[in-house]
Structures are given as structure tokens and as C-alpha cells.
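Reader: I'd like a close look at one part of this one, please, and a proper walk through it rather than a list.

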Amino acid sequence: MRNWFTALLGLLGLVMLLFLTMPLFKMLVGNDVATLVQTLGEADVSASVILTMKVSLFSTLFALATGLPLAYLIARHEFFGRSFVETLIDIPIMIPHTAAGIALLVAFGHGSLGGFFDALGIKFIGTEAGIMIAMMFLSATFLINGAKEGFKKVDIKLEKVARTLGASPLKVFFAISIPNAKKEIVNGCLMMWGRGLGEFGAVIILVYHPMTAPVLIYDRFTSFGLSYSAPVAAVMIILSIMVFLSVRFVNNRLR
Amino acid sequence: MSFLSLQALTCNVGAFHLQDISFDVGEGEYFVILGHSGAGKTLILESIAGLHKVGGKLSFNDEDITKKPPEHREVGFVYQDFALFPNLSVKENILFAGRYKMIDDAKALLEDLVQFLGLEKIIDRRVENLSGGEKQRVAIARAIYARPKILLLDEPLSAIDPTFRNAIMKFLKDIHRRYSLTTLHVTHNFREASYLADRIAIVMDGRVQQVGRTNEVLSHPASLKVAEFLGFKNILPTSLLGSDETKLFSIDPNDILVSKENNLACDFVYEGKLEECMGIVDHFKLFISVGEHQFFVKSLKREHESCVIDRGEKIVIGFWKKDVCFL
């Protein structure tokens with residue numbers, strides 16, 4: 001009975017696993033190494049890959065600086081409207097990405113908020129800052145929720161003991177809370193960064209040029225077809241997997 | 001002048017309230033807070049450590065420390081589950097306080113702690129693989145390394161194998177003396193309290209019920225509630241002793257004599273009926289009704305070979321006035 005049930009689980013699971021891996025596998029074996037190297041050597045491809053990696057990293061770092069305190073507040077403090085705040089954090093991942101792009105355009109493109117940033121010399125349409133807010137809006141949730149779960153797992157007694165041993169709340173945060181939640185924080189960063197790399201719908205509304213890798217893939221596909229866009233997609237997939245696996249490997253080895 | 005003084009301390013955490021907590025602890029005293037789980041004992045310790053916002057007044061050496069942050073209070077805290085920092089090694093755990101404050105004779109203190117607490121073999125280990133006893137010694141070393149004036153121990157023996165409890169109790173007393181500490185120790189175990197404490201506070205439902213010297217509290221509970229908590233048996237009205245007052249008294253089941261005949265030369269002698277008799281390892285438990293009241297008597301097997309008489313038959317019991325505890 002048990003073996004039969006386990007076999008059924010395995011079979012159904014295999015269908016899902018194949019579905020998830022086949023397109024990536026096809027992408028990797030469908031392009032020979034020489035084509036991939038040549039593609040990466042093309043100026044617009046390398047520029048867009050570097051831009052995508054860089055801006056996604058910056059948006060992750062910005063979310064780390066502001067999202068980590070928010071995650072800690074939610075994990076550690078009971079306050080009025082806490083579940084409402086948690087819902088607000090979850091909303092961006094529920095809405096269509098193009099709709100999110102439009103919302104960002106309305107909020108930051110024009111009006112008082114746009115004017116405020118304009119006065120500071122920061123523009124969001126057709127700039128890296130625009131790519132950054134698009135990526136951040138749709139992926140910061142992963143970092144905040146990851147960190148929140150990490151902080152919840154840290155026994156509050158560790159923080160209390162650290163206080164009695166002479167550490168101020170700020171020092172406890174850096175010496176005890178963050179190090180003991182670091183696996184979840186790093187995983188949250190990784191999820192956010194990876195999700196940011198692939199952001200297309202919101203980015204394209206705010207910024208077509210300079211082109212991020214997903215925009216470049218789309219641009220090449222609509223202008224020149226599959227054979228011209230597939231190598232770029234393969235390069236992007238390989239690079240993403242490499243970074244993803246190496247960070248996860250390092251994170252798993254962290255004590 | 002008291003060393004540590006809690007005056008009408010209050011603290012609210014969720015639905016739980018500490019109310020009007022008042023007691024003094026003298027310098028060098030081993031003070032035990034005794035109470036059931038959920039009575040608020042740990043919350044009292046955390047309030048002393050400054051980990052909760054409290055009402056009332058908390059003073060240390062006549063200085064009002066009610067609003068002083070924990071990092072400036074000079075208290076060491078050892079939790080029931082030890083709360084060692086998993087991201088640090090044993091040595092890093094012990095030295096933690098040194099990152100944030102100057103420790104007098106730090107090197108000598110570390111050497112002494114490592115040697116006295118027998119930490120040589122585990123000093124470079126990770127904390128997650130330590131045994132319960134090892135974790136406890138590391139947690140104590142970490143607390144003492146900060147050179148606290150007061151050591152707060154939260155149920156230190158509950159996570160320890162019962163086989164080692166006696167040794168650990170002795171060890172806790174040794175630490176208390178060696179490092180000239182004032183210790184507050186929270187427990188629900190009377191044995192621990194009677195062995196370790198100079199003085200005891202009994203806490204129930206967020207309130208202090210009684211404070212006093214160990215023998216005094218354990219042998220003379222101030223109320224019915226405390227008597228029941230301390231496991232006092234035979235709590236009966238003083239009218240049975242011929243008093244007009246409507247008070248209660250208690251008599252230890254071991255202090256009651258039993259006989260078939262009416263030949264007991266005690267201060268108080270009663271004729272009753274044996275309701276039940278149970279033979280336990282070395283004694284019999286007798287339940288004897290006297291009028292509307294029931295006495296519980298322990299009769300040692302070396303004194304009586306059987307239940308004295310058969311169930312339902314007449315039996316005589318007696319006890320001395322000196323053994324009566326008035327509540």
C-alpha cells in the first residue's frame with residue numbers, strides 16, 4: 001500500500017520536475033558553447049547582462065538596508081496594524097507586472113513624488129533608477145518575508161541574554177539577530193536578486209533603453225526571431241544559475 | 001539597607017500581570033523564588049534584569065534602577081534552556097560580554113572559569129553539540145565572565161538529567177560562594193529550594209504570597225493557598241482542637257500516631273473509622289474519618305506490620321500540639 005502510494009507520488013512529482021527543468025535543459029543543449037561565447041562577446045548583450053546583474057544587485061542592497069529593519073520590526077513587535085503591514089508587503093507579488101509598471105510610472109514619473117526626485121536629480125523614466133524601482137517593487141517582498149521568517153526563528157532569549165551581557169539593542173541586532181537569521185536573509189536576498197534579474201513587465205513600461213537582458217531578449221525575438229534571441233536567453237540562464245548556485249552553496253556552508 | 005529591593009513592582013506581558021511584587025534581597029544571599037509553572041517567576045527575573053517595562057520601584061544598592069537598561073544593570077542571566085549563541089563557539093560565548101564592556105582581570109577570570117567549570121575540553125567546540133550539563137556550565141561561565149553583582153538563574157535544574165541534580169545543586173552553591181554573588185534562583189521544586197535557599201519567596205498567580213527564611217516558609221505557610229502549594233496535608237479547622245476561632249491548622253501525616261486501643265498519650269486524641277489503607281514501599285497510607293473530617297496518616301511498615309485494623313473498623317489517632325502548624 002505504502003510502496004504503491006510512494007510510487008504514485010514519485011510519478012506525479014516527476015512530471016512536475018520534468019516540466020520545470022526541460023525548457024532550461026533544452027535551452028542549454030540547444031546552443032553550442034561557441035555560439036554562447038560569441039553572443040556574450042556582443043557589446044549590447046554584455047552591456048545588458050552587466051546592467052541587469054548590477055541593478056538587480058543594487059535594488060537588493062537597497063531593500064536589505066530598508067527591508068531588514070522592517071522585517072525585524074514585524075518579527076519582534078506586536079503593534080496595531082501589523083497584519084495590515086504584512087499584507088501591504090505581500091501585495092506587489094500578486095499584481096500583474098505591467099500593472100505594477102503603470103502604477104510606478106504614475107507614482108514616480110509625474111506629480112509631486114516625481115517632482116521631488118526630479119529636484120534631487122533622480123529620474124525614473126529611461127534610467128537605471130527606473131529599472132531599480134521596477135525590480136525592487138516586484139521582488140522586495142521575497143527578501144522581507146525571508147528575513148522575517150529568519151528573525152522569528154531566532155530565540156528571543158538570545159537577544160535578552162545579550163542585553164544583560166552589555167550589548168545595546170543595536171549591537172544585539174548586528175551581533176545576534178542578523179548572524180542567527182543569516183541563512184534566511186541570504187536566501188531572501190537570493191530570491192529577490194533572482195526575481196529582479198528576470199523582471200520584464202514593469203521594467204519595460206518605465207525603461208526600454210538602456211535594455212536589461214529580459215528586454216533585450218524580447219527586443220531581439222520580436223525584431224529578428226527565435227534563433228537570434230535564444231543564445232541571449234541561454235547566456236542569461238547560465239549566468240543566473242551559476243550565481244544562484246554559488247551563493248546558495250556558500251550560504252549552506254555558513255555556520 | 002537591602003542590596004536589591006523590589007517595591008510594589010508591576011509588569012504586564014500580554015494577558016499576564018505581575019502585581020505588587022515586593023521583597024528585598026541581601027548582599028551575598030541565595031534567594032529562591034518558588035512557584036508553579038506560569039506563576040510569573042521568570043517574568044520577575046526578567047524584570048529585575050530590565051527586560052520589561054515595569055511599574056513600581058526597583059533599587060540596587062539604594063540606587064533607583066527601575067528605568068536603567070539591561071546592559072547597565074550588572075546582572076547575569078542563565079535561562080532554563082541556557083540560550084547559548086549558536087553562531088559563536090563556546091569560548092566566544094563566554095567572552096561575549098568583553099566585546100561591550102571592560103572586564104577586570106579578564107584573562108585570569110577566563111582561566112579560572114574554564115578550570116573551575118571544567119570547560120577545557122569543550123572550549124573550542126560549537127555549542128549545538130554540547131550536552132545539557134555542558135551547556136549549563138557554558139551559560140554560567142558566560143554570565144559570570146561579565147562580572148555581575150547579581151546572578152539570575154531560571155529553573156537551572158529542569159533541563160538536567162535527574163541523576164546529576166544533587167551534584168549540580170552543590171555546584172551552584174559553590175559558584176555562588178566562589179564568585180561572591182547574590183543569586184536569585186527560580187524553581188518549582190521544593191527540594192531545590194530547601195537545599196539552596198537562604199530565603200524564599202513564594203509566587204502564585206503573579207503575586208508574592210510569602211517571603212521569609214527557608215525553614216520558616218517551608219514549615220509555616222502563611223495561608224491556605226501556600227500550604228496547599230507546599231503540599232501540606234490534613235488542613236482542618238481549629239475547632240477540632242477545641243478552639244473557638246475559625247482558623248485552619250495542618251498536621252503532618254508522619255506526625256500522627258495510630259492505635260487499635262484508646263491508649264495514646266497525645267495532646268489531641270480522636271476516635272475514627274478506617275476508610276482506606278494502601279501499602280506503599282515502606283509505609284501504609286491510611287485514610288481515617290473523624291466525624292465529617294478525614295485524616296491522612298502515614299504509618300511506617302517498621303512500626304506496623306499491617307494496616308493496624310481492617311477497613312471500616314474503629315481506630316484511634318493522636319498527635320502532639322508541638323507538631324501542629326497553624327495557618
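How many residues does the contact take from chain B, and how many from chain A? Once that's clear, take me over the chain B side and then back out to chain B as a whole.

Author: Sure. Keep in mind that this is a predicted model. The contact takes 16 residues from chain A and 18 residues from chain B.

Let's stay on the chain B side. Two elements of chain B, α1 (41–49) and β6 (75–78), each supply at least two residues of the side that touches chain A. Of the elements, β6(B) gives the most, with 3 residues. As for chemistry, the side of chain B that touches chain A has 13 nonpolar residues, alongside 3 charged and 2 polar ones.

Now step back to the chain that carries this patch. Chain B is divided into domain 1, covering 4–220, and domain 2, covering 235–326. Going by those bounds, both α1 (41–49) and β6 (75–78) of chain B fall in domain 1. The centres of domain 1 and domain 2 of chain B, taken over C-alpha atoms, are separated by 42 Å. For the overall frame, picture a box of roughly 75 × 45 × 35 Å along the principal axes, filled by the C-alpha atoms of chain B.

Inside that frame, chain B has 18 strands and 8 helices. Chain B counts 327 residues, and buried ones make up 37% of them. Finally, look at contacts in chain B between residues at least 6 apart in sequence: 63% of these join residues at least 24 apart.

Key. Residues are numbered from 1 along each chain as its sequence is written. Chains are lettered from A and ligands numbered from 1 in the order in which they are written. This is a predicted model: local features need pLDDT of at least 70, side-chain atom pairs count only at pLDDT 80 or more; totals for chains, interfaces and linings use all residues. Two residues are in contact if their C-beta atoms, placed from the backbone, lie within 7 Å. Helices (H or I, at least four residues) and strands (E, at least two) are DSSP runs, numbered from the N terminus. Ala, Val, Leu, Ile, Met, Phe, Trp, Tyr, Cys and Pro count as nonpolar, Asp, Glu, Lys and Arg as charged, and the others, Gly among them, as polar. Domain bounds come from an automatic or database domain assignment. A residue is buried if 20 or more other C-beta atoms lie within 10 Å of its own, exposed if 12 or fewer, and partly exposed in between; C-beta atoms are placed from the backbone.
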